[in-house]
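Welcome, and thanks for opening your viewer. Please load the structure below and keep your selection tool handy while we walk through it together.

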Amino acid sequence: MTRRYPLLFTAILAVSARFFAKGIYRNLLSHAQLAVNRAIQTGTCSLELIQALIILVFWKEPDNRSAWINVGIAVRLGYQLRLHETTMEPRTNLAELGERRRTWWCESSLLEVIHMLMTGLSCASMTVDLH
C-alpha cells in the first residue's frame with residue numbers, strides 16, 4: 001500500500017496516530033494535509049486523493065473549519081473521474097467498479113452530513129446520483 005498509494009497511506013497513518021501515537025499525531029496530520037494540498041494544487045485527480053480527503057475530513061479536529069471546502073473538492077474530483085456514472089468501460093474489473101462506487105457513495109454521504117450540520121437543511125434539492 002505504501003508504494004502504490006502513498007497519499008492514502010499517509011492519511012491513514014495520520015488519523016491512526018490520533019488514537020495510537022498521540023505524540024506524533026500533529027506532525028503526521030500536518031504532513032498529510034500538506035501532501036493532499038500539494039496534490040490538489042498540482043492538478044492531481046485520482047481515487048487515492050479523493051479517499052485521502054474523505055478520511056481527513058471524517059476524522060478532522062472539531063475546530064477544523066475546512067470540511068465543507070474539502071468535501072466540495074472531493075466531489076468535484078469525483079465528477080472529473082466520472083464516479084457518478086453507473087456504466088463503465090467493458091474492460092473495467094468488478095473490484096475497481098466497486099471501489100469507485102463506494103468512494104462516490106462515501107463522498108456524497110459526507111457532503112449530505114456536512115451540509116445538514118452547517119445549514120440544518122437536507123441536500124434533497126441537490127441532485128447527487130448515488131448509484
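How do the residues of the lining of the largest pocket divide into nonpolar, polar and charged? They come out as 12 nonpolar, two polar and two charged. Please keep in mind that you are looking at a predicted model.

**Stop 1: the whole chain**

Begin with a cartoon view. You should find five helices and zero strands, so to speak an α-α-α-α-α pattern when the chain is read along its sequence. The radius of gyration is 15 Å, close to the 14 Å that the globule rule gives for 131 residues, so the chain is as compact as a globular protein of that length. Turn the C-alpha trace along its principal axes, and its span is about 45 × 40 × 25 Å. Colour by accessibility next: 34% of the 131 residues count as buried. Now show contacts between residues at least 6 apart in sequence; 62% of them join residues at least 24 apart.

**Stop 2: the largest pocket**

Select Val57, Lys60, Ala67, Ile114 and Leu117, which lie nearest the centre of the largest pocket. Its lining has 16 residues in total, and its volume is about 360 Å³. Which helix gives the largest share of this lining? That is H5, with eight residues. Helices H3, H4 and H5 each supply at least two residues.

**Stop 3: the second largest pocket**

Move on to the second largest pocket, which holds about 210 Å³ of space. Select Gln33, Leu56, Asn64, Ser66 and Asn70 to find the residues closest to its centre, out of the 13 that line it. Here H2 gives the largest share of the lining, four residues, and H2 and H3 each supply at least two. The lining residues divide into six nonpolar, five polar and two charged.

**Stop 4: aromatic pairs**

How many aromatic pairs does a search of the whole structure find? The search finds three. Select Phe19 and Trp59 to see one of them: the pair is edge-to-face, with 5.4 Å centre to centre and 80° between the planes. Phe19 sits in helix H1 (residues 6-20), while Trp59 sits in the loop between helix H3 (47-58) and helix H4 (67-80), so this pair ties together parts that are 40 residues apart in sequence. Phe19 is partly exposed at 43% relative accessibility, and Trp59 is partly exposed too, at 36%.

Now select Tyr79 and Trp104, another edge-to-face pair, with 4.9 Å centre to centre and 70° between the planes. This pair also links distant parts of the chain: Tyr79 is in helix H4 and Trp104 in helix H5 (residues 94-119), 25 residues apart. Is Trp104 buried or exposed? At 1% relative accessibility, Trp104 counts as buried, whereas Tyr79 is partly exposed at 34%.

Before leaving the rings, add Phe58 to your selection of Phe19 and Trp59: ring pairs link these three residues into a cluster.

**Stop 5: a loop residue**

Finish at Ala21, in the loop between H1 and helix H2 (22-41). Ala21 counts as partly exposed, at 28% relative accessibility. Then draw a C-alpha to C-alpha distance from Ala21 to Asn37: these residues are 16 apart in sequence and 23 Å apart in space.

Terms used: Residues are numbered from 1 along each chain as its sequence is written. This is a predicted model: local features need pLDDT of at least 70, side-chain atom pairs count only at pLDDT 80 or more; totals for chains, interfaces and linings use all residues. Side-chain values use heavy atoms; hydrogens and water are left out. Rings of Phe, Tyr and Trp (its six-membered ring) pair if their centres lie within 6.5 Å; planes under 30 degrees apart count as stacked, over 60 as edge-to-face and the rest as tilted. Buried means under 20% relative accessible area, exposed over 50%, partly exposed in between (1.4 Å probe, protein chains only). On a 1 Å grid over the protein atoms alone, a cavity is a set of points where a 1.4 Å probe fits but cannot get out, and a pocket is an open set with protein on both sides within 12 Å along at least five of seven lines; lining residues have an atom within 4 Å of a point. Grid points are joined across faces, edges and corners, and a volume is the space filled by probe spheres set on the points. Ala, Val, Leu, Ile, Met, Phe, Trp, Tyr, Cys and Pro count as nonpolar, Asp, Glu, Lys and Arg as charged, and the others, Gly among them, as polar. The radius of gyration is taken over C-alpha atoms; the globule rule is 2.2 Å times the number of residues to the power 0.38. Contact means heavy atoms within 4.5 Å.
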